[in-house]
Amino acid sequence: MLAPFCTSSNDAAESLINITLTDVVLDRGCTRVFDSLNLTLNEPRIGLIGDNGAGKTSLLRLLCGLEVPQAGNVCLTGLNLDEAAPARASLAGLMFQNPDDQIIFPVVVEEIALSLRAHGMKKPQALQAARDLLAERGLANWADRAISSLSQGQRQHVCWLALLAARPRVLLLDEPFASLDLPGQARLARDIANARQQVLVSTHLLSHVRDFARVIWLDQGRVRADGPGAEVCAAYEADVASRADASAD
Ligand SMILES: Nc1ncnc2c1ncn2[C@@H]1O[C@H](COP(=O)(O)OP(=O)(O)OP(=O)(O)O)[C@@H](O)[C@H]1O
């Protein structure tokens, strides 16, 4: 039997891990993305917003060890990326912007079972638990479907279920709503609200983070604003509107 994926907000608060970035410098290719970035990320729900290329994906990739900074430190629970490496998959898990960058197996049930096997389940048990998870969600008929037969939004849904099954302590979601239809967005928003883990969400759909206690607006690799979602989203929208007006003149 799987542990429940959702719990009360009190339990979510109890499972917070301390994330700090200190003087982080990150280059990707010939682009300097971050130049001395400092952040402490301790809230249960944090939104990341900003223009294309602002650094949202790069920040999420740093937190799960897919990017290594040229200088500075990224620490999870007080451990830097190297020290945290053995436990990293159980600390932080990324849902990629593009499902095809995340999905490994050709069939839905195998992809979700992979996440469960990371917790030591044997293959037959993991496959059965993956089927049970899909059935609980009314998706039993997806189990044996080829990933290649799913739409982009359906693949994103599989990625979300695989991440939930992996149960890392921090869920890093890179534009998770991008390909979802409106019912899918509502379902994912409800899942995020109920998740027992700490959640960082990057999105261009501000309605999904406006109610968060904390939203960070990244602008060309720098923190332009950081505070309650309603305030930071309003500031970003005002800036976007003023740039649109300026370019129309
Ligand atoms: N694979 C890469 N190689 C080189 N540079 C990259 C790579 N990926 C991103 N960059 C650069 O890093 C910077 C930050 O990109 P990043 O993907 O983090 O932005 P983002 O805020 O997630 O953008 P978007 O909203 O378009 O997803 C950009 O200048 C981008 O061109």
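Student: How do the residues of the shell around the ligand divide into nonpolar, polar and charged?

Tutor: Bear in mind that this is a predicted model. Arg 28 and Lys 56 are among the residues surrounding the ligand, and Arg and Lys count as charged. Val 33 and Ala 54 are in the shell too, and Val and Ala count as nonpolar. Gly counts as polar, so the split comes out at two nonpolar, two charged and eight polar.

Student: Which helix or strand gives the most to the shell around the ligand?

Tutor: Two elements each supply at least two residues: strand E2 (31-41) and helix H2 (56-63). Lys 56, Thr 57 and Ser 58 are among the residues around the ligand, and they fall in the 56-63 stretch of H2. With three residues, the top contributor is H2.

Student: Back to strand E2: is Ser 36 buried, exposed or partly exposed?

Tutor: Ser 36 sits in strand E2 and has a positive phi of about 65°, even though it's not a glycine. For the burial call, 20 or more other C-beta atoms within 10 Å means buried, and 12 or fewer means exposed. Ser 36 has 13, so it ends up partly exposed.

Student: Where does Gln 220 lie?

Tutor: Gln 220 is another non-glycine with a positive phi, about 50°. It has 14 other C-beta atoms within 10 Å, so it counts as partly exposed. Strand E9 covers 214-219 and strand E10 covers 222-227, and Gln 220 lies in the loop between E9 and E10.

Note on methods:
Residues are numbered from 1 along each chain as its sequence is written. This is a predicted model: local features need pLDDT of at least 70, side-chain atom pairs count only at pLDDT 80 or more; totals for chains, interfaces and linings use all residues. A residue is near a molecule or strand if its C-beta atom, placed from the backbone, lies within 6 Å of it. Helices (H or I, at least four residues) and strands (E, at least two) are DSSP runs, numbered from the N terminus.
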